[in-house]
Amino acid sequence: MLKIHIAIIDADLIGRPKHRFPNLACMKLSSYYKSNGNDIVLLTNYDSLDKYDKVFISKVFTSTEVPEGVLNRDNVEYGGTGFFYDKAPPLPQEIEHIMPDYHLYDDWVNKQLKKGAKELDFKYYKHYSIGFTTRGCFRKCEFCVNKNYNKVHKHSPIEEFIDENRKYICLLDDNILGYGQWKSIIESLQKTNKRFEFKQGMDLRLMTDEKAKILNESKYIGDYIFAFDNIADKDLIEEKLKLWKRYCTTTAQTTKLYVFCGFDRNDKWDYDFWVQDIKDTFERIKILMKYGCLPYIMRFERYKESPYAGTYINLARWCNQPNFFKKKSYREFCIANGVNSSTVKYMNQLETEHSDIAKEYFNLKFDEMNNY
């Protein structure tokens, strides 16, 4: 086979201010083409692309920009949810089911560390095996990249992507608790004797006593992450949180829930929606406070169209920094940014126009609300 020179570009690495997770598709492409004797380089810019026989570009986030004209080059191929969202074509089977090249990012990581970056920021590049044991979901959420799936199905055995020299395992499964054979997967993870985590938000609505018990008896690392995407699930989420808390009694792991907001399921996007969505987001935060759980705000990109876009920004800054969230109410957090700050401006705007929301939620504090 003729040896060719290949460049791989992780577009998110270039286009986003912080990049703390490697692109799995890039690592698999690198592994496959290296195994065929080709020269591989990870590019961190879009300069001199013509010098390579082939350039592969992948991105996860739709908001990551790629310079105009790059994708039209004859030697460029591109893919990933960042380009195609729910219609992203899969990798060829021989690439999808190959051991990732966990050293693709080594030079870039070392350069960042020499510049003074924190070692902890690169833990997924240096210490984790990464992969999917299952793919798909049956929920068909309108906003999700997995909305075209009908079920959860087995994707690959752990042996396909585990590097014995790495201490930890990170699973990217879309809905592990929705897979009929979930228990066998957890048991196979336990047999590795390595600590593991599921990076995506697990489906708390599917929690059972058996699932809660086994997860809490496992060698888990990091936060237990679930999702609370819709206030309509309020009663079920509270029921499952009560169940979960019967087993999750350790302080070693935090229970965190993604709180998705800014998405209108009725596709109206009018003023009444934005007000209700802000209130529903605060209500979900209040519920999670009661159960000693941390919210992580995830905003649908159209939040920028809201007359209360600033409130969405405030909520993300407050909730997504646990050191602030655990110690300060929303009001205290905003004021701590300075009385003349945009943070206070956004807070005052909502309080002036919707005092009922401010009265009910602005002064709630995690420690006072937490029943656990």
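1. Let's start with R246, which is exposed at a relative accessible area of 53%. That counts as exposed because the cut-off is over 50%. Keep in mind while reading that this is a predicted model. The side chain of R246 meets that of D209 in a salt bridge, 3.1 Å from N to O. Its partner D209 is partly exposed, at 34% relative accessibility.

2. Where do D209 and R246 sit in the chain? D209 belongs to helix α8 (residues 209-217), and R246 to helix α9 (residues 234-247). The two are 37 residues apart, and the pair links distant parts of the chain.

3. How many salt bridges does a search of the whole structure find? The count is 23. As background, side chains of opposite charge can pair when their charged atoms come close. Some of these contacts join up: R139, D203, R205 and D233 are linked in a network of salt bridges.

4. Now take a look at K28 and E96, whose side chains form a salt bridge at 2.8 Å, N to O. K28 is in helix α2 (residues 24-35) and E96 is in helix α4 (residues 93-96), so this pair ties together parts that lie 68 residues apart in sequence. Are these two residues buried or exposed? Both K28 and E96 are buried.

5. D174 and R135 make another salt bridge through their side chains, at 3.4 Å from N to O. D174 is in the loop between β8 (168-171) and α7 (182-191), while R135 is in strand β6 (residues 134-135). With their positions 39 residues apart, this pair too links distant parts of the chain. D174 is buried, and R135 is buried as well.

6. On to the sheets. One of them is open and has three strands in the order β5-β8-β9, with parallel pairing. Its edges are β5 (128-131) and β9 (195-198); each has a single partner strand, so one side of each has no neighbour in the sheet. On average, neighbouring strands here are turned by 20° against each other, ignoring direction.

7. Staying with that sheet, β8 and β9 pair in the parallel sense over four bridges. Which residue of β9 is the bridge partner of Y168? That partner is R195. Helix α7 packs on the sheet and touches β8 and β9, with its direction at about 145° to that of β9.

8. There is also an open sheet of three strands in the order β10-β11-β12, again with parallel pairing. Here β10 (224-227) and β12 (294-299) are the edge strands, pairing on one side only. Neighbouring strands of this sheet are turned by 30° against each other on average, direction ignored.

9. Within the β10-β11-β12 sheet, strand β11 (residues 255-261) pairs with β12 in the parallel sense, over six bridges. If you want a spot to click on, L257 stands opposite P295 in β12. Helix α10 (residues 271-290) lies across β11 and β12, and runs at about 175° to β11.

10. How does α10 sit against helix α11 (residues 309-319)? Their axes come within 11 Å and cross at roughly 15°, which means that α10 is roughly parallel to α11. The cut-off for that wording is an angle under 35 degrees. The crossing of α10 and α11 is left-handed. On the α10 side, the contact is made by W274, D277, I278, T281, F282, I285 and M289. From α11, T311, Y312, L315, W318 and C319 take part.

11. I'd finish on I297, a residue of strand β12. I297 is buried, at 4% relative accessibility; the limit for buried is under 20%. Which residues does I297 touch, leaving aside those up to four places away in sequence? They are V259, C261, T281, I285, L315, A316, C319 and N320. T281 and I285 also appear in the α10 part of the α10-α11 contact, and L315 and C319 in the α11 part. For a sense of scale, I297 and D106 are 191 residues apart in sequence and 31 Å apart in space, C-alpha to C-alpha.

How values were computed: Residues are numbered from 1 along each chain as its sequence is written. This is a predicted model: local features need pLDDT of at least 70, side-chain atom pairs count only at pLDDT 80 or more; totals for chains, interfaces and linings use all residues. Side-chain values use heavy atoms; hydrogens and water are left out. Two strands pair if DSSP finds at least two bridges between them. Axes are lines fitted to C-alpha atoms, for helices over the stretch in contact, and angles run from 0 to 180 degrees between N-to-C directions. Contact means heavy atoms within 4.5 Å. A salt bridge is a side-chain nitrogen of Lys or Arg within 4 Å of a carboxyl oxygen of Asp or Glu. Buried means under 20% relative accessible area, exposed over 50%, partly exposed in between (1.4 Å probe, protein chains only). Angles under 35 degrees count as roughly parallel, over 145 as roughly antiparallel, 65 to 115 as roughly perpendicular and the rest as oblique. A crossing is left-handed if the near helix is turned anticlockwise from the far one by less than a right angle, and right-handed if clockwise.
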